[in-house]
Amino acid sequence: GKSVAVQVIEMSVTGEGFVPAQVKVRAGQPVRLIVTRKIDRTCATEIVIKDFGIKQPLPLNNPVEVTFTPSKAGSFRFGCAMEMIAGVIMLD
């Protein structure tokens with residue numbers, strides 16, 4: 001079969017929240033988010049992507065890999081558990 005390119009996206013949690021807060025990916029191809037929380041005082045001590053059943057703790061200064069494959073077009077919210085800090089994954 002044809003090789004599937006993993007889309008790697010590096011993301012940080014800073015005083016501004018998730019950076020970048022808007023991410024564009026292609027549907028049907030695996031996405032690997034590498035998320036590093038860089039500040040201590042934030043409600044975003046985990047990343048939640050409800051549409052993909054992801055709830056992943058983000059230890060301070062420790063890159064965390066989250067991999068999923070978006071199958072349908074559209075946009076998906078991600079954020080902290082309280083949804084006070086959030087962003088959007090948009091599919092082409």
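**Exercise 1. Determine in which sense strand E4 and E7 pair, and over how many bridges.**

Solution. Strand E4 covers residues 31–37 and pairs with E7 in the antiparallel sense, over five bridges. Strands here are DSSP runs (E, at least two residues), numbered from the N terminus, and two strands pair if DSSP finds at least two bridges between them. One bridge can be followed to its residues: Arg-32 has Thr-67 in E7 as its partner.

The model is predicted: local features need pLDDT of at least 70, side-chain atom pairs count only at pLDDT 80 or more, and totals for chains, interfaces and linings use all residues. Residues are numbered from 1 along each chain as its sequence is written, and side-chain values use heavy atoms, with hydrogens and water left out.

**Exercise 2. Place E4 and E7 in their sheet and state which strands are the edge strands.**

Solution. The order is E2-E1-E4-E7, an open sheet of four strands with mixed pairing. Strand E2 (17–19) and strand E7 (64–68) are the edge strands, each pairing on one side only. On average, neighbouring strands of this sheet are turned by 25° against each other, direction ignored; the axes behind this angle are lines fitted to C-alpha atoms.

**Exercise 3. Describe the hairpin of E5 and E6 and the side chains of E5.**

Solution. Strand E5 (residues 46–49) and strand E6 (residues 54–57) run antiparallel and are joined by four bridges. Ile-47 has Gln-56 in E6 as its bridge partner. Four residues lie between the two strands of the hairpin, and Gly-53 in the turn has a positive phi of about 65°.

In a regular strand the side chains alternate between the two faces of the sheet. In E5, Glu-46 and Val-48 point one way and Ile-47 and Ile-49 the other way; all are buried, that is, under 20% relative accessible area (1.4 Å probe, protein chains only), with exposed being over 50% and partly exposed in between.

**Exercise 4. Find which non-glycine residues in the loops between E6 and E7 and between E8 and E9 have a positive phi, and classify their exposure.**

Solution. Asn-61, in the loop between E6 and E7, has a phi near 55°. Asn-61 counts as exposed because its relative accessibility is 52%. Glu-83, in the loop between E8 and E9, has a positive phi of about 60°. Glu-83 is at 38% relative accessibility and therefore counts as partly exposed.

**Exercise 5. Locate Pro-20 and give the form of the peptide bond that leads to it from Val-19.**

Solution. Pro-20 is in the loop between E2 and E3. The bond from Val-19 to Pro-20 is cis, with omega near -5°.

Note on methods
Axes fitted to C-alpha atoms, helices over the stretch in contact; angles between N-to-C directions.
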